[in-house]
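Colleague: Please take one part of this model, the surroundings of the ligand, and describe that part closely for a first-year student.

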Amino acid sequence: MTGRLAVIGLGPGDVRYLTPEADAELAAAQSLYGYGPYLDRAPARASQSRHASDNREEAARAAAALREAAAGARVAVVSGGDPGVFAMASAVCEEIESGPDSWRSLDVVVVPGVTAMLAVAAKIGAPLGHDFCALSLSDNLKPWEVIERRLDAAAGAGFVIALYNPISRSRPWQFGAAIDRLRRHLPASTPVVFGRAVGRGDEHVDVVTLDRAGATEADMATLVIVGSPATRVIRREGRAPLVYTPRTSVEVSA
Ligand code: SAH
């Protein structure tokens, strides 16, 4: 029997964001692997085994899931948001590339999910309506100098920038340093969107200008979108503002 490994995106939170495809793959799995809080989001089903592991144990988790699939089981590995965005799909591919040959003949599927930047953008309007890029601010897997270079290049080229992993207990200063870096390139009035726990009960979305954006507004569950010089804010009486980036391109100063 050939095993199957599905790497499944759960979306940003509430089960409403789970796609029917993801739900069907979860239902068909005999065994689920993932970070504990993400596993808790998968609807409970009898006769499924669940293997919760710590957030930082991605490689070991991917290898354990592959071993079980290679033994013939239907296995699911879950990620929050989309599994291909700073998440488990790459970890699984890394293990397949360096692992035993038998892992290459497994049936592997990646099931997409709504990633945090799309969920946050949708809550506030259309900040990603023109060219944009996404960066993880975590310097656990790449040097901080690389992050600075990418921030310079992205802001200098006029991209809207989605920042994943802005801050954590072990990375307290990185978000403030990134904002300082972006201030070198972007006007003080640039809109900055903080989307926290979007799609969950404690969701909170806030818009400030770049000169007022501070580290205290972000935590591990926050996705930050830094506008480009073209990004606009429509103020509305009695309603949240709409933040959007027009579809027309603008000149970028070098
Ligand atoms: N695979 C995930 C991202 C994992 S990196 C995805 O596609 O969304 C973890 C980071 O994602 C967090 O630090 C935060 O920046 C962001 N994030 C994940 N879920 C979020 C949510 N519900 N609301 C806001 N940001 C979220």
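Modeller: Domain bounds come from an automatic or database domain assignment. For the protein chain, this assignment gives domain 1 (4-114) and domain 2 (117-244). The model is predicted: local features need pLDDT of at least 70 and side-chain atom pairs count only at pLDDT 80 or more, while totals for chains, interfaces and linings use all residues. Residues are numbered from 1 along each chain as its sequence is written, and side-chain values use heavy atoms, with hydrogens and water left out.

The shell around the ligand takes at least three residues from each of domain 1 (4-114) and domain 2 (117-244). A residue is near the ligand if one of its heavy atoms lies within 4 Å of it. There are 20 residues around the ligand, and Asp82, Val85, Thr115, Met220 and Thr222 come nearest. By class, this shell has 12 nonpolar, six polar and two charged residues; Ala, Val, Leu, Ile, Met, Phe, Trp, Tyr, Cys and Pro count as nonpolar, Asp, Glu, Lys and Arg as charged, and the others, Gly among them, as polar.

Backbone atoms also approach the ligand. A nitrogen atom of the ligand lies 2.9 Å from a backbone N or O atom of Val198. For Pro12, a backbone N or O atom is 3.1 Å from a nitrogen atom of the ligand, and for Ala197 a polar backbone atom is 3.4 Å from a ligand nitrogen. On its own the ligand has 550 Å² of accessible area, and the protein covers 92% of this; accessible areas come from the Shrake-Rupley method with a 1.4 Å probe.

Terms used
Polar contact = N/O pair within 3.5 Å; in protein donor to acceptor, adjacent residues only side chain to side chain.
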